[in-house]
Structure formats: structure tokens, C-alpha cells
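Here are some worked exercises on cysteine bridges, ring pairs and strands. Try each task first, then go through the solution.

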Amino acid sequence: MSVPPAAADGGPDDGISKTRNMHHLANIPKQGPLAGPSAYNSDWAFKGKYAFGGNYEGFTVYDISRPSRPKVVSVVHCPGSQNDVSIAGNLLFLSTDSSRSDDSCQSVPKPATDKSAWEGIKIFDISDVRNPRYVKAVETKCGSHTNTLVPGKRGTAYIYVSSYSPNDTYPDCQPPHDLISIVEVPLRNPAAAHVASEPVLFPDGGNPGDPPDTEWPNATRATSGCHDLTAYPEKDLMAGACMGDGVLFDISDPRKPRTITSVRDDENFAFWHSATFNNRASKIVFTDELGGGGAATCTAEIGPEKGANAIYDIVGKGKHRKLKFRSYYKIPRHNTEAENCVAHNGSLIPVKGKDIMVQAWYQGGISVMDFTDSRRPKEIAWFDRGPWSDELGIAGSWSAYYYNGYIYSSDIQLGLDVIDIRDRRTDKAKRIRLDELNAQSQPNYFD
């Protein structure tokens, strides 16, 4: 069933177009030192009635107990791109992926060629959300572009740190960097957090990529680390989006992830960016960040397969499992040349018996995709703010996640958006309540 678009909203929502089943409830602009055009909003984590939004200059805590009237609780200024966030209990983990003068929140940029420069994971105590307290920093090789929470036993959490792009001139980020860093965190004593292991995931070097003179958009990036890892702890599985490779891992031993199988798509995928399991862990949606998120890739010229999602079925059992490609999915609307647009961060909308995902597409907006039939995915809802500027820039929805009945979008330039999807195909999801959500550590909603 297709859903016709509504007219663009007036007033403060002028420029928005959307399907009639998407109801825009609220927007809160970026605040204080996190408000500038280069202070990009990034990822989300949720705990109870609070949403924690990353930003290249720090993070913001929102009270979302009334989704139609969210409130800013606190703003933490702590620069260091890209400041992705995860939460375990009363601890928040912040990814720093820019070379800094030190590990403090007062640091300034420093060249990665300097051995004394720092990047990695910062840990905050958020037991008082009005005054988050900085506890500890852990340096990791090549920094922390993203981080993934994997719960451990006996009060321990593991933070899987994804990073990439080594360089011979970087003392702390040397090639080939075919590894991830695993930070072990004793939850009652986070000051004792440390790098517990650095497993090599690509002993054969991974995808060699295309020659540097390959014409864009046809180049596939060589694998030198992972961009994003999505764990499914209850299934002992993890999906890796690792630049030139898509990987399925066994994480039954959280300190020693083991590769089960991997795939490549050198024809259409440029940069394996993120992954989402369906609830049964029988499928994975991989995203491709063609153009690094800064290009206008949702155009007729680029076409429907490059910069798209790729849906894979997981077939077989145990160590014999394989990933079988089924289809691509890309938003069925063409954007202007002034809009950066590509598949980005999303999460499941939990409907039993269905596979439905909400997903950010930068200035392509927010798309809700039903991939129950992995060969024939279809869009059932969308929300689009239109161009942020007359010139191409970094804007739009970075992360769009479903949490306790509502969609929360982290708009890079325009702040928090809250959207209520009202549709018979998704309404049952409103009954599902979580105490905590890290989208890269997927919960089991039904089993």
C-alpha cells in the first residue's frame, strides 16, 4: 500500500514534505557551543526517559518523557569528532575520532603525526543527567570513529571500537590496521577501563579496493579497519561494515570475535558503512556511504543501486552460515545537487512477524522500509525537510531511531526532531517498551 505525500507544513516546519502517516511533533535546535554549522549532530543513545545526542562538539541530554514537548536537560561541551555515544547503566561512552592535544574536554586539535596526540574513548558518569561527570579516557589505535556496546558477565561491558585510515606518518595509527580495539569496562569501577584486546579481523588484509585513479562513483574503498559494528548480543552475532567488506561475526567470546563469513560488492558498494539485523537474525541490511556522506548521491544520474542499502539473507547454520544477496533499496525520490544524501543510520521498528526499519538518509530525509520480503523491500513512510542550503553542505538526518513508540532524528544542522508514525502496519510497535537502547547493540524484541 503506497502512502501519498502530505502538503508541506507551514510555520516553523515550512519546507517539510512527508507522507500522511508521519506526524512531526517537535523540533529543538542545537544549543550553545554545539550550535554552529561545523558542530554536526551525530548518533543517539537512549536510557529511560532520556535521549543522549552526540555532536562533534560534545553531547546533549534531552528529557523525552513527553515526546511532543522534549526539553534540553544538559549540554556537555567536549569537542572531538564524531562523538558517537553508547550507554551502559550509568555510564556513557563517547567516541573521539579527531587527533587532540590531550584527553580532556578542553583539548584542541593536534596533528596525528605527533606521538603525544590523543584520540579514543571517553567515559562519563550520567547518574546525574543534569551534570554528567567525566570519569576516564582510553586511547585506542586510530581513535574511535564509532563504538559498539557488548554486555559482558559479572558487571563488565565491552566497547568495540571501530577506526580506520592508518598512515605511515601516524605513530598511533600504523598500517595495515586490520583490527578493532576492545575496551573492557568494569561498570562499578569505570576508572579501571582498559584496552583488553586488539583482534585482527582481516589476517589476509581484507578488500584491496580499487586503484586510486578509479573514476567516482565506481571506486570501492580498501579495507583498513571497520567503520561500524552492530552487535546482537542475545544471538552471539555481530555484523561488521568494514569499508570494503561486509562481515558476519560470532561474538560468543566477546573478547575474541570470530569471522563466520564475509561478502564484497565491488560493483555497487563504495564504503560499507553500517548494518542492521532483523529481529530473527536471519537478515542483515548493510548500508553504503557513497561519497562519505558529503555528496549528492540520490540523483537520477547516480541511479538506484549505488549509495543504497543491500539486503542479505543469512542462510545455513553455525559456522556454515553464509550471506546471500537479495536486493538493493534506495529512497525512490531524487534530490537536488545541493543535498548530500546516502544510506545512513537506522533501527528496527519492532513489529512481530514483520521486518521494518526506519533510516536516516542525510538530506534525503527519513525513510521507513518494509523488508519482510528481502527480495522486494518497499517504502511505507517518509519525512523530508528539503534542502538546508542552496549550496551542497553537510546537513540532514544523521541517525533516525525508533524508541518507545516514536522516531527520534538527529538532524546534523537543525537539531532534534520527534516524529510519530501512525500506521496500522507499525502501530503494534508502540506496545514495546525498552529501558535502554543503543542501536548498534540490538535488543531481541520478541524471542
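Is C341 buried or exposed? With a relative accessible area of 0%, C341 is buried. Keep in mind that this is a predicted model.

**Exercise 1. Work out the bridge that C341 takes part in, and give its handedness.**

Step 1: find the partner. C341 forms a disulfide with C298, and the sulfur atoms are 2.0 Å apart. That fits the cut-off of 2.5 Å for a disulfide.

Step 2: check the torsion. About the S-S bond of C298 and C341 it is about -70°, so this disulfide is left-handed.

Step 3: place both ends. C298 lies in the loop between β21 (283–288) and β22 (309–315), while C341 lies in the loop between β23 (322–329) and β24 (346–348), so the bridge ties together parts that are 43 residues apart in sequence.

Step 4: look at the accessibility of the partner. C298 has a relative accessible area of 2%, so C298 is buried.

**Exercise 2. Treat the bridge between C142 and C173 in the same way.**

Step 1: the sulfur atoms of C142 and C173 are 1.9 Å apart, and the two cysteines form a disulfide.

Step 2: the torsion about their S-S bond is about 100°, so you call this disulfide right-handed.

Step 3: C142 sits in the loop between β11 (133–139) and β12 (146–151), and C173 in the loop between β13 (156–162) and β14 (181–186), so parts that are 31 residues apart in sequence get tied together.

Step 4: for burial, use the cut-off of under 20% relative accessible area. C142 comes out at 5% and counts as buried. C173, at 6%, counts as buried too.

**Exercise 3. Characterise the bridge from C226 to C242, then give the pairing pattern of the bonded cysteines.**

Step 1: a disulfide joins C226 to C242, with an S to S distance of 2.0 Å.

Step 2: C226 is in the loop between β15 (194–197) and β16 (228–232), whereas C242 is in strand β17 (residues 237–242). The two are 16 residues apart, and the pair links distant parts of the chain.

Step 3: the torsion about the S-S bond of C226 and C242 is about 80°, so this disulfide is right-handed.

Step 4: C226 is buried with a relative accessible area of 1%, and C242 counts as buried at 0%.

Step 5: zoom out. The structure holds 4 disulfides. Number the bonded cysteines in sequence order and the pairing reads 1-2, 3-4, 5-6, 7-8.

**Exercise 4. Classify the ring pair of Y329 and W361, then that of Y362 and W398.**

Step 1: know what to compute. A pair of aromatic rings is described by the distance of the centres and the angle of the planes.

Step 2: get the overall count, which is 19 aromatic pairs.

Step 3: take Y329 and W361. Their ring centres are 6.3 Å apart and the planes stand at 70°, so the pair is edge-to-face. Y329 is in strand β23 and W361 in the loop between β25 (356–360) and β26 (366–370), 32 residues apart. Y329 counts as buried at 5% relative accessibility, as does W361 at 0%.

Step 4: move on to Y362 and W398. The centres are 6.3 Å apart and the planes are at 85°, so this pair is edge-to-face. Y362 lies in the loop between β25 and β26 and W398 in strand β28 (residues 397–403), so the pair ties together parts 36 residues apart in sequence. Y362 counts as buried at 4% relative accessibility, and W398 does at 6%.

**Exercise 5. Which residues form one aromatic cluster, and where does the charged end of K430 sit?**

Step 1: the cluster is made of F269, W272, F286, Y312, F325 and Y328.

Step 2: the charged end of K430 sits over the ring of Y406, 5.2 Å from the ring centre. The distance cut-off here is 6 Å.

**Exercise 6. Trace the open sheet of 5 strands and find its edges.**

Step 1: the order is β7-β6-β5-β4-β31, with antiparallel pairing.

Step 2: β7 (71–77) and β31 (436–437) each have a single partner strand and stand at the edges, so one side of each is left without a neighbour in the sheet.

Step 3: go inside the sheet. Strand β5 (residues 50–55) pairs with strand β6 (residues 58–63) in the antiparallel sense over 6 bridges. The bridge partner of N55 in β6 is G58.

Definitions and conventions:
Residues are numbered from 1 along each chain as its sequence is written. This is a predicted model: local features need pLDDT of at least 70, side-chain atom pairs count only at pLDDT 80 or more; totals for chains, interfaces and linings use all residues. Side-chain values use heavy atoms; hydrogens and water are left out. Helices (H or I, at least four residues) and strands (E, at least two) are DSSP runs, numbered from the N terminus. Buried means under 20% relative accessible area, exposed over 50%, partly exposed in between (1.4 Å probe, protein chains only). Rings of Phe, Tyr and Trp (its six-membered ring) pair if their centres lie within 6.5 Å; planes under 30 degrees apart count as stacked, over 60 as edge-to-face and the rest as tilted. A charge sits over a ring if NZ of Lys or CZ of Arg is within 6 Å of the ring centre and within 35 degrees of the ring normal. Two strands pair if DSSP finds at least two bridges between them.
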